[in-house]
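Here is a short report on a two-part subject. Look over the sequence and the model before reading on.

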Amino acid sequence: MPPIPAIEDLSITLAHYLGLAGTVFAIGTAITLSKRNAVAVLMGVELMLNAVNLTVLAFSRFSAAFEEGGSAPLDGHVFVVFVLTVAAAEAAVALAMAVLVYRRRETVDLDRVNLMRG
Amino acid sequence: MESPGIILAFFALSGVTVASALLVFLARNLLHALAFLVLSFLGMAGLFLTLSADFIGVAQVLIYAGSISVLMVFAVMLTPLASRNNGSTLYVIPAMLAAGGLASLIGFVAIDTEWDERKGEALGASDFTTTVAGIGDLLLGRYLLAFEVASVLLLFALLGAIVLVQERRRAGEEA
């Protein structure tokens, strides 16, 4: 009978994080493409942004530059800070637009918002 | 990343994140979907902590699980006559096919590529005690210009949201 591997042998590698981020990104894509409500579409976009942040942080953590006094240890983290900032700005403007569309049309159903004016 | 704690934390947190992301897709009620989205953000914050990113983890809880979800609750509450169900369009089958293809493509590339990554002892030794000081130094040093541009972007997003949502009086309707 082969020995059962100890839990120490199941080490987490970069591929684990990338696979997880790809899964979450794909779920976000499915939500964005298929939902009817504008707020739900925005939820999918936020999930996709989150998955990308996880990818950037994973590459940063597993790279040889990541240590105190390394060549560029925290640049990935700074990039994620900017992504968070832009995501917050985008969510604020997009939700304001959803409220605006609702005021004009009394719906946020994206199938029924199909005119450029009115 | 070989200590049993990290391994268990990774699998538990990734299970929570993926399951609640799927429930955002499947939930019937939009507000339930929103609650699962917050749970997914919290699981993602835990995953950031396993990557030794303490500042980003806390920022994730504050910005995503805190403020963006509150904004979404406001958007749902301010559209009371719109339908609350989390319905799908006719494109749900193509969307799921596209998502499945994307996930398998990314997974295949992630597993098949020989990543030039740190392993074992070297990986454990390079943990930061805290990343906050380093991020602050970079933000006010090498990335100062981007930092200032981001602040201008936030200001304009604030102004834009206010201008879009304010109630305009029509001409001739002045009190």
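The text below covers one chain, its interface and one helix pair.

This is a predicted model: local features need pLDDT of at least 70, side-chain atom pairs count only at pLDDT 80 or more, and totals for chains, interfaces and linings use all residues. Residues are numbered from 1 along each chain as its sequence is written, while chains are lettered from A and ligands numbered from 1 in the order in which they are written.

Chain B has seven helices and zero strands (DSSP runs: H or I of at least four residues for helices, E of at least two for strands, numbered from the N terminus). Its radius of gyration, taken over C-alpha atoms, is 22 Å, well over the 16 Å that the globule rule (2.2 Å times the number of residues to the power 0.38) gives for 175 residues, so chain B is more spread out than a compact globule. The C-alpha trace of chain B spans about 75 × 45 × 25 Å along its principal axes.

Chain B meets chain A through 77 of its residues, against 69 of chain A (contact: C-beta atoms, placed from the backbone, within 7 Å). H4(B) gives the largest share of that side of chain B, 12 residues.

The table sorts the chain B side by class.

| Class | Residues of chain B touching chain A |
|---|---|
| Nonpolar (Ala, Val, Leu, Ile, Met, Phe, Trp, Tyr, Cys, Pro) | 57 residues |
| Polar (the others, Gly among them) | 17 residues |
| Charged (Asp, Glu, Lys, Arg) | three residues |

Within chain A, the axes of H1(A) (residues 14-34) and H2(A) (residues 38-62) come within 7 Å and cross at roughly 165 degrees (lines fitted to C-alpha atoms over the stretch in contact; angles run from 0 to 180 degrees between N-to-C directions). That makes H1(A) roughly antiparallel to H2(A) (angle over 145 degrees).

Notes: Contact = placed C-beta atoms within 7 Å. Parallel < 35°, antiparallel > 145°, perpendicular 65-115°, else oblique.
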